Amino acid sequence: MLEGWLWLLAAFAVFVGGMSKGGFGSSIGFVSSAILAVVLEPTHALALMLPLLIIMDFSALKPYWKQWDGPSTRVLVIGSVFGCIAGILLFKIISADALRLLIGAIALLFPLFQLARARGWISPQPRDFSSRDGIIAGVAAGFTSFISHAGGPAVAVFMLSQRNVGKTVYQATTVIVFWAINLMKFASYAYLGLFSWDLMGDVALLAPVAIFGTWVGVKAHHAIPERLFFGITYVALVLTGVKLIYDGLF
């Protein structure tokens with residue numbers, strides 16, 4: 001069971017993840033797992049966050065219900081099935097230090113990806129919907145989400161490269177897609193034996209924080225400047241990424 005400063009750190013990480021899930025496209029919800037992986041075994045951090053992510057998903061579904069893009073949702077979910085299968089196979093052979101390195105690398109690459117997109121270095125040309133591209137993006141999202149809860153970039157590239165995808169449609173699509181992916185992951189994590197009664201006790205204590213963070217994110221969708229929110233969380237990702245890579249190597 002988490003106690004003292006560990007619980008406070010977990011509560012902070014969960015709150016930030018909830019805000020991202022509720023109002024900012026789920027793109028940096030992964031920071032929660034990265035922060036926790038610094039102080040917990042990586043598999044324990046991932047297993048702790050997954051039920052909380054599902055709670056956040058349910059909290060965010062109602063405000064965005066049926067505002068998602070149907071064709072995009074279908075192909076992304078179909079592709080994510082194969083990504084999750086690949087994640088299961090990797091989890092059976094990967095060590096704790098290798099997982100730290102993998103999560104740390106993603107934590108460092110994620111802000112670089114967002115910087116490149118903001119500066120126009122990565123600028124997908126607007127194009128029509130493509131089932132093939134959606135399935136490929138779904139495979140990538142399912143795999144990276146399975147091993148680090150960081151499936152956002154693959155979905156972002158696919159959705160934002162399409163014509164006429166507004167902020168709310170994008171947000172609603174990420175909510176429903178990762179709701180489906182996280183449910184698949186829950187069954188897979190249970191199969192891999194990653195859950196325990198102590199862990200579920202921590203989940204119960206952190207659940208109100210997850211719900212509150214998601215509610216704040218929904219309310220902040222139009223109120224808080226995205227640059228400020230993302231800037232703070234990207235700094236947190238870089239710091240945690242460096243620490244995870246150091247721990248994985250030494």
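Rings of Phe, Tyr and Trp, the last taken by its six-membered ring, pair if their centres lie within 6.5 Å. By this rule the count comes to 9 aromatic pairs in the structure, which is a predicted model.

**Aromatic rings**

One of these pairs joins Trp65 and Trp68. Their ring centres are 5.1 Å apart and their planes stand at 90°; because planes over 60 degrees apart count as edge-to-face, the pair belongs to that class. Trp65 has a relative accessible area of 47% and is therefore partly exposed. Trp68 is also partly exposed, at 22% relative accessibility; this value lies outside the buried class, because buried means under 20%. Elsewhere, ring pairs link Phe91, Phe146, Phe186, Tyr189 and Phe195 into a cluster.

**Helix H3 and its two crossings**

Helix H3 covers residues 42-61. Two of its crossings, one with helix H2 (residues 31-39) and one with helix H8 (residues 167-191), are set out below.

| Helix pair | Axes come within | Crossing angle | Handedness |
|---|---|---|---|
| H2 and H3 | 8 Å | roughly 140° | right-handed |
| H3 and H8 | 9 Å | roughly 145° | left-handed |

The angle between H2 and H3 makes H2 oblique to H3. In this contact, Ser32, Ser33, Leu36 and Ala37 of H2 meet Pro42, Ala45, Leu46, Leu48 and Met49 of H3. By class, the contact of H2 with H3 has 7 nonpolar and 2 polar residues, and no charged ones.

The crossing of H3 with H8 is left-handed. On the H3 side, the contact is made by Leu46, Ala47, Leu50, Pro51, Leu53, Ile54, Asp57, Phe58, Ala60 and Leu61. H8 contributes Val175, Ile176, Phe178, Trp179, Asn182, Leu183, Lys185, Phe186 and Tyr189. The residues of this contact divide into 16 nonpolar, 1 polar and 2 charged. Two of the H8 residues named here, Phe186 and Tyr189, also belong to the aromatic cluster described above. Leu46 of H3 takes part in the contact with H2 and in the contact with H8.

**Ser59 within H3**

Ser59 also lies in helix H3. Its relative accessibility is 26%, so Ser59 counts as partly exposed. Which residues does Ser59 touch, leaving aside its neighbours within four places in sequence? Ser59 is in contact with Ile211 and Thr214. A further link to this part of the chain is given by Ala210: the C-alpha atoms of Ser59 and Ala210 are separated by 8.8 Å, while the two residues are 151 residues apart along the chain.

How values were computed: Residues numbered from 1 in each chain as written. Predicted model: local features only at pLDDT ≥ 70, side-chain atom pairs only at ≥ 80, totals over all residues. Heavy atoms only, no water. Helix = DSSP H or I, 4+ residues; strand = E, 2+ residues; numbered from the N terminus. Buried < 20%, exposed > 50% of the residue type's maximum accessible area, 1.4 Å probe, protein only. Contact = heavy atoms within 4.5 Å. Axes fitted to C-alpha atoms, helices over the stretch in contact; angles between N-to-C directions. Parallel < 35°, antiparallel > 145°, perpendicular 65-115°, else oblique. Left-handed = near helix turned anticlockwise from the far one by under 90°. Nonpolar A, V, L, I, M, F, W, Y, C, P; charged D, E, K, R; others polar. Phe/Tyr/Trp six-rings, centres within 6.5 Å; stacked < 30°, edge-to-face > 60°.
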